Amino acid sequence: MLEEVFADIQADLRYDHELNGCLNCGICTATCPAAHYYDFSPREIVQLLWTENLEGIYDAMQEKIWACAQCYTCAARCPFGNSPGGLVMLMRETAIKHGMESAKNVLRPFSRVMLKLVSTGNQLSPDMINPDGFADWGPNISKIDAPLQLLRNAIPMPTLNTTKTAWEVNLKTSVELYTIWEDTGVLDQLETIDENLFDVISDIMDEKREDWADFLDEQDDD
Ligand code: SF4
Ligand code: SF4
């Protein structure tokens with residue numbers, strides 16, 4: 001199992017590009033915002049991979065790798081040209097591929113976002129960001145609760161100064177997105193992580209594809 005996980009991380013085409021060696025100098029950790037707040041160190045992650053510490057890699061994938069903010073400050077600073085943030089990304093993708101419990105736990109709160117994205121083409125419309133819409137986010141939601149209609153009116157672009165228009169996505173675009181998600185393996189990953197959500201989303205995709213086929217038939221008839 002540990003060998004298989006590491007082999008998957010290493011097999012990614014990006015791996016050799018992201019990891020060139022490691023001086024263990026700690027510059028990446030010194031500049032890492034996540035390291036300031038969490039029990040997380042990009043230096044430690046890179047060392048685990050560089051020394052092929054399979055058990056340590058697997059342990060880090062249980063929790064630590066999910067602390068990274070993917071800001072890539074580390075990649076800009078590393079004297080070896082490593083990208084610790086990029087390596088974390090590979091580890092995350094591998095955790096998803098293997099259906100690891102840590103990946104399921106981290107991604108579970110995003111299932112509603114994913115469902116919205118797939119069914120409407122948008123994640124959110126701005127007017128949904130309020131305490132009623134996000135009761136499960138707790139008191140912090142109030143920090144971004146604002147008079148959106150008023151704020152949007154101050155935005156000059158006509159397509160942005162409403163809380164509604166950003167919500168509508170063309171049917172053809174939705175169907176094209178489904179093809180991309182299928183061909184790039186996103187849906188396979190979703191099935192590994194959350195089978196129920198995958199089933200719901202598959203039904204929505206089938207329906208929209210039928211609608212699109214009906215629309216095309218109607219055009220042919222005209
Ligand atoms: S990844 Fe780069 S910056 Fe971080 S400890 Fe290794 S050599 Fe130093
Ligand atoms: S990409 Fe991740 S590891 Fe790198 S500096 Fe940002 S938070 Fe830290």
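Buried residues account for 34% of the 222 residues in the protein, and since the model is a predicted one, this share, like every other value in what follows, is computed from predicted coordinates. The protein exposes about 13,200 Å², of which carbon and sulfur atoms supply 53%. Its secondary structure consists of 14 helices and zero strands, so that, by the DSSP runs that define the elements, the order from the N terminus on reads α-α-α-α-α-α-α-α-α-α-α-α-α-α. Among the contacts between residues at least 6 apart in sequence, 67% join residues that are at least 24 apart.

The buried part can be entered through its nonpolar residues. In soluble globular proteins, nonpolar side chains tend to be buried together. In this model the largest nonpolar core has 28 residues, and I9, L49, M61 and M91 are the members that touch the most other members. The elements that contribute two or more residues to this core are α1 (2–11), α5 (42–50), α6 (54–62) and α8 (84–97), and of these α8 gives the most, with six residues. M91 shows how these pieces meet, for once residues up to four places away in sequence are set aside, M91 touches I9, I45, L49, I57, A60, M61 and I65. Apart from this core lies another, of eleven residues, which include Y178, L190, L197 and M205.

Helix α8 also holds T94, a residue that deserves a closer look. T94 counts as buried because its relative accessibility is 5%, which is below the cut-off of 20%. A polar atom of the T94 side chain lies 2.8 Å from the backbone oxygen of L90. Beyond the residues up to four places away in sequence, T94 touches V5, D8, I9 and M61; two of the residues named here, I9 and M61, are also among the core members that touch the most other members.

From the core one can turn to the ligands. The residues around ligand 1 are C22, L23, N24, C25, G26, I27, C28, R43, V46, C78, P79 and N82, and the elements that give two or more residues to this shell are α3 (27–31) and α5. By class, the shell around ligand 1 divides into eight nonpolar residues, three polar ones and one charged.

Within that shell, N82 can be followed further. N82 is found in the loop between α7 and α8, and is buried because its relative accessible area is 3%. The N82 side chain reaches the backbone oxygen of G21 at 2.5 Å. Leaving out residues up to four places away in sequence, N82 touches E18, L19, N20, G21, C22, V46, C74 and A75. Two of these partners, C22 and V46, themselves belong to the residues around ligand 1, while another, C74, is one of the residues that come nearest to ligand 2.

Ligand 2 has 13 residues around it, of which C32, C68, C71, Y72 and C74 come nearest. The elements that give two or more residues to this shell are α4 (33–37) and α7 (73–77). The shell around ligand 2 is made up of ten nonpolar and three polar residues, with no charged residue.

In helix α4 one finds A34, which is buried, as its relative accessible area is 4%. Leaving aside neighbours within four places in sequence, A34 is in contact with F40, A67, C68 and A69, and C68 is one of the residues that come nearest to ligand 2. The C-alpha atoms of A34 and C71, which stand 37 residues apart along the chain, are separated by 9.4 Å.

Two residues finally call for attention through their backbone. Y72, one of the residues that come nearest to ligand 2, has a positive phi of about 65° although it is not a glycine. Y72 has its place in the loop between α6 and α7, and its relative accessibility of 34% makes it count as partly exposed. E52 likewise has a positive phi in a residue other than glycine, with a value near 55°. E52 lies in the loop between α5 and α6, and is partly exposed, with a relative accessible area of 46%.

Methods: Residues numbered from 1 in each chain as written. Chains lettered and ligands numbered in written order. Predicted model: local features only at pLDDT ≥ 70, side-chain atom pairs only at ≥ 80, totals over all residues. Heavy atoms only, no water. Near = heavy atom within 4 Å. Helix = DSSP H or I, 4+ residues; strand = E, 2+ residues; numbered from the N terminus. Nonpolar A, V, L, I, M, F, W, Y, C, P; charged D, E, K, R; others polar. Core = buried A, V, L, I, M, F, W, Y, C linked by side-chain atoms within 4.5 Å. Buried < 20%, exposed > 50% of the residue type's maximum accessible area, 1.4 Å probe, protein only. Contact = heavy atoms within 4.5 Å. Polar contact = N/O pair within 3.5 Å; in protein donor to acceptor, adjacent residues only side chain to side chain. Areas by Shrake-Rupley, 256 points an atom, 1.4 Å probe, with all protein chains shown as cover.
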